[in-house]
Amino acid sequence: MAYNVELANRLREALLPLVPVTEKKMFGSIIFMLEGNMLTGVYQEYLLFRIGAEQHEAALKLKGTKVFDMTGKPMKGWVMVSEEGYNNKHLLEKWILRAMEFVKTFPAK
């Protein structure tokens, strides 16, 4: 199943005032990148957020989250978030900022 285009547009609109991103389609999803590093994206009906291994377990306790697993091998440091977890502007921005905080620890590519 391809990613939800409407959801990608919603995420794009939320990202643009906060951070300059580039986009890349990969593995049936769309990924938004910050300075060449994967930040967030859309897979099917879920938002994906790169939050780092240290935040992974705590993030999975939040509403609407689950392990990001496309291939049978969970991706530690990433979470999938259903609409329940980002159903208003404030929650969506919190997820974006959480991912930005982690991704900014990497050098630009």
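Lys and Arg count as positive and Asp and Glu as negative, while His and the chain ends are not counted. On this basis, in the predicted model described here, the mean positions of the 15 positive and 12 negative charges of the protein lie 4 Å apart.

The secondary structure of the protein consists of three helices and six strands, and, read from the N terminus, these elements follow the order α-β-β-β-β-α-β-β-α. Along the principal axes, the C-alpha atoms occupy a box of roughly 30 × 30 × 30 Å. For a chain of 109 residues, a compact globule would be expected to have a radius of gyration near 13 Å, and the value of 13 Å computed for the protein agrees with this. Of the 109 residues, 42% count as buried, and among the contacts with a separation of 6 or more, 53% are made by residues 24 or more positions apart. The accessible surface of the protein amounts to about 6,400 Å², and carbon and sulfur atoms contribute 54% of that surface.

The interior contains a largest nonpolar core of 26 residues, within which Leu39 and Phe49 have the most contacts. Two or more residues of this core are supplied by each of α1 (5-15), β2 (29-34), β3 (37-43), β4 (46-50), β6 (78-81) and α3 (89-103), and the largest share, six residues, is that of α3. Apart from this core there is a second, separate one of eight residues, which includes Ile31, Tyr43, Leu48 and Phe68.

Two individual residues illustrate how parts of the chain meet. Tyr3 is located in the segment before α1 and counts as buried because its relative accessibility of 17% is under the 20% limit. When neighbours within four places in sequence are left aside, Tyr3 is in contact with Ala8, Lys25, Gly28, Ser29, Ile30, Val42, Tyr43 and Gln44; of these, Tyr43 is also a member of the second core. The C-alpha atoms of Tyr3 and Glu45 are separated by 6.6 Å, although the two residues are 42 residues apart along the chain.

Asn37, for its part, belongs to strand β3 and, with a relative accessibility of 4%, likewise counts as buried. Residues up to four places away in sequence not being counted, Asn37 touches Phe32, Arg50 and Val103, together with Phe106, Pro107, Ala108 and Lys109.

Note on methods: Residues numbered from 1 in each chain as written. Predicted model: local features only at pLDDT ≥ 70, side-chain atom pairs only at ≥ 80, totals over all residues. Heavy atoms only, no water. Helix = DSSP H or I, 4+ residues; strand = E, 2+ residues; numbered from the N terminus. Rg over C-alpha atoms; globule rule 2.2 N^0.38 Å. Buried < 20%, exposed > 50% of the residue type's maximum accessible area, 1.4 Å probe, protein only. Contact = heavy atoms within 4.5 Å. Areas by Shrake-Rupley, 256 points an atom, 1.4 Å probe, with all protein chains shown as cover. Charge placed at Lys NZ, Arg CZ, Asp CG, Glu CD. Core = buried A, V, L, I, M, F, W, Y, C linked by side-chain atoms within 4.5 Å.
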